Amino acid sequence: PSEQGSGFSCLSPTLPAQCNELLPAGALCTGVHTKINRKEIIQAKLRKSCSCTTQRLKNTVLDFFPVLRWLPKYSYKEYIWGDIMSGLVIGIILVPQAIAYSLLAGLKPIYSLYTSFFANIIYFLMGTSRHVSVGIFSLISLMVGQVVDRELLLAGFDLNDDAPPAFSDSSPWKRNDSNITAFNLTFAGLNAECGKECYAIGIATALTFLAGVYQILMGIFRLGFVSVYLSESMLDGFATGASLTILTAQVKYLIGIKIPRSQGLGMLVMTWFNIFRNIAQANLCDVITSTICIVVLVAAKEVGDRYKHKLKFPLPTELVIIVVATLVSHYGKLNEVYGTSVSGAIPTGFIPPQVPSFNLMFRVAVDAVPLAIVSFAFTVSLSEMFAKKYAYTIRANQEMFAIAFCNIIPSFFHSFATSAALAKTLVKTSTGCETQVSSVVSAMVVLLVLLFLAPLFYSLQKCVLACIIIVSLRGALRKFKDVPQRYYLNKVDTVVWCVTMLSSALISTEVGLLVGVAVSMLSIIGRTQRPHTSLLSQIPSTVFYENDQEYENLSPVPKVKIFRFEAPLYYANKDFFVKSLYKMTGLDPTLEAARRKKQDKREKEHLQKENQATNVNGFSQADTTLHLVPKQLDFQTIIIDCSSFSFLDIPGVNTLKEILKDYGALNITILLACCTPSVIDSLKRGGYFEKDDRNMHEMLFHSIHSAVSLVCEDCLPNGGVLL
């Protein structure tokens, strides 16, 4: 309703007659743009958020622990068998993967089992997704392992995996070997003597605790939008680059050689250089075992992929391989006879909880930032993907809190960072998972191993674990085959993928993530700085207009240029906007004004010469003089399609004002069409219109056609109304 009475306003001068046919008698088409009182809205939100009632407290608890909402409504007859089956399958897969991924994290297998157990229980209580599997993830394990290796080197430890670990009275498990040396690491943040294993898990728990704290802070301050800047191409490139690093790190286990671990820039290249330099020392037993395991695993994966629609649950190939390889290694005494590297003792039970070292947190505070972002980004993206597939909703901020506590609480129990994993989630859904009850079942399987079965894996060869890790990278490494198709679909996204992949592989995962985000944002800026521009023509017998370079049989509008700029107009692209407009219309008003000024000057000089000649000779030469004729323009109006203007900043408004002034000096009218309310508000506040916005209705139009109809009534059929 307008301030004057009942009615509504139309920006287009051509629409009131049409609107009046629809309005009641006496109603006037004069609506007013109302302003929102933001102060009152903010005050109302503050009152609502600061109020404390019993119901509000109850809702807060239920929101923080979503399990309290859905578990009382759990349909046992409908869901229980699917959840049990998927939980058992995931638990069986988790055990070999947890032991294998401990190689990536640079930690003992027992810590990976702890991580899998606690993550499943906590996400069951706090997660909002019904299907994602949270636990050990290869990429997260690699990021943790890189920090652990760096800090071990700085502390003076030998990174050789077969070096005897140092234990002391403060270590989780005691050994009485006489050749074990304890290091006093009080300077590094631990207040007691601590060996390599103790120090490594201290670094990992401090890193994990900090990552969880960062995620909680991101959740409190609603910073989940940070994951929006992690584009799909960037994440794919990041995962592929990290997969190359993981593959490279496992090759030495495959062939049984001992080489120094490389760190920092060029790690991948240096590792391969050391591999080829020491390849003559390869352990034949490890090579044969690795070959057999990879062939069996790949064949089983291919069979599973081909007949997955017929299989009720995936083949537990990893578990079978581990059991068989452990038995062969134990009874064949491969470690004693052939010197093959084995997993070693995996104790049973739980270590007493311990507070992560706050002194060590200062050493890894920066490293925890990318870990927190990647962990959250993968979890939320997978949760949203499966929620959309199975028609339910998740709460991204609650997912942030859930994964945060999956890091914070387990860090007190000698665990490291976790995330949702795509491969296990796909297995979970394919085996009938309905709710997160399946996570509890998986945790029970891991608990069974922790309490009773862990020592049985003593003789398991490390090359078998490396084979499991490498075969699990198939999906990420297959992304290389998609590069040509990706390039065909979008060249910019392909560049983002390639740059992120190369920086992640050749420098480090943290730098790769930073480079990927930077390149992604630069690509967005580049697209808005130099967007697509075009001149529009009319689609015959319609009220629509399109690019005359992309479509045939369009009808140009006489004496009118319709310009489309497919991006918001702001400080970074205002110059490109002006240049494109000049180029498309074929007229630079500044140059044209200078040309006309120069022409007028020449005419005045010529007239002065004529007058002087007349005075001297006594007769006029006007009949024999050719006067300069001004250049005739083929258009009188420029219509700017503002439908792609999501916003205007101050330089953008000033650019439109300058264009209006410059073209106005040449008697060329500038009209704006398809402006959004926010753009109109920016124009009004920027002083684009006359005082009190008196001429706004003459310069703004709801559609291109309404602007064309006004300025070109004589040149359109039926008096400007197209059929």
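## Exercises on salt bridges, patches and loops

Aspartate 681 and arginine 685 form a salt bridge, with their closest N and O atoms 3.0 Å apart. The model is a predicted one, in which local features need pLDDT of at least 70 and side-chain atom pairs count only at pLDDT 80 or more, while totals for chains, interfaces and linings use all residues. Residues are numbered from 1 along each chain as its sequence is written, and side-chain values use heavy atoms, with hydrogens and water left out.

### Exercise 1: a pair within one helix

Task: place aspartate 681 and arginine 685 in the fold, and state how exposed aspartate 681 and arginine 685 are.

Solution. Start with the rule: a salt bridge is a side-chain nitrogen of Lys or Arg within 4 Å of a carboxyl oxygen of Asp or Glu. Side chains of opposite charge can pair when their charged atoms come close.

Next, find the element. Both residues lie in helix 27 (residues 677-685), four residues apart, about one turn of the helix. Helices here are DSSP runs (H or I, at least four residues), strands are E runs of at least two, and both are numbered from the N terminus.

Then turn to accessibility, where buried means under 20% relative accessible area, exposed over 50%, and partly exposed in between (1.4 Å probe, protein chains only). Aspartate 681 is partly exposed because its relative accessible area is 23%. Arginine 685, at 62%, is exposed.

Salt bridges that share partners also join Arg150, Glu151, Arg363 and Asp367 into one network.

### Exercise 2: the partners of glutamate 302

Task: which distant parts of the chain does the pair of arginine 474 and glutamate 302 link?

Solution. First, the contact: the side chains of arginine 474 and glutamate 302 meet in a salt bridge at 2.9 Å, N to O. Arginine 474 belongs to helix 20 (residues 474-477) and glutamate 302 to helix 11 (residues 284-306), so the pair, 172 residues apart, links distant parts of the chain. Arginine 474 counts as buried at 18% relative accessibility, whereas glutamate 302 counts as partly exposed at 36%.

Now add arginine 478, which forms a salt bridge with glutamate 302, the closest N and O atoms being 3.1 Å apart. This pair also links distant parts of the chain, with arginine 478 in the loop between helix 20 and helix 21 (483-489), 176 residues from glutamate 302 in helix 11. Arginine 478 is partly exposed, at 35%.

Finally, the total: the count by this rule comes to 16 salt bridges.

### Exercise 3: a lysine in the loop after helix 20

Task: how many residues separate lysine 479 and alanine 239 in sequence?

Solution. Locate lysine 479 in the loop between helix 20 and helix 21. Its relative accessible area of 24% makes lysine 479 partly exposed. Lysine 479 is 240 residues from alanine 239 in sequence, and their C-alpha atoms are 9.6 Å apart in space.

### Exercise 4: two asparagines with positive phi

Task: where do asparagine 553 and asparagine 667 lie?

Solution. Recall the background: most residues other than glycine have a negative phi. Asparagine 553 has a positive phi of about 60° although it is not a glycine. Asparagine 553 sits in the loop between strand 6 and strand 7 (559-565), and is exposed at 68% relative accessibility.

Asparagine 667 has a positive phi of about 65°, again without being a glycine. Its loop runs between helix 26 (650-664) and strand 9 (669-673), and asparagine 667 is exposed at 67%.

### Exercise 5: a buried asparagine

Task: is asparagine 547 buried or exposed?

Solution. Asparagine 547 is found in strand 6 (residues 545-547). With a relative accessible area of 4%, asparagine 547 is buried. A polar atom of the asparagine 547 side chain lies 2.9 Å from the backbone nitrogen of glutamine 549.

### Exercise 6: two helix residues at the surface

Task: in which helices are phenylalanine 452 and lysine 601 placed?

Solution. Phenylalanine 452 is in helix 18 (residues 437-453), and counts as exposed because its relative accessible area is 58%. Lysine 601 is in helix 25 (residues 589-617). Lysine 601 is likewise exposed, with a relative accessible area of 55%.

Note on methods
Polar contact = N/O pair within 3.5 Å; in protein donor to acceptor, adjacent residues only side chain to side chain.
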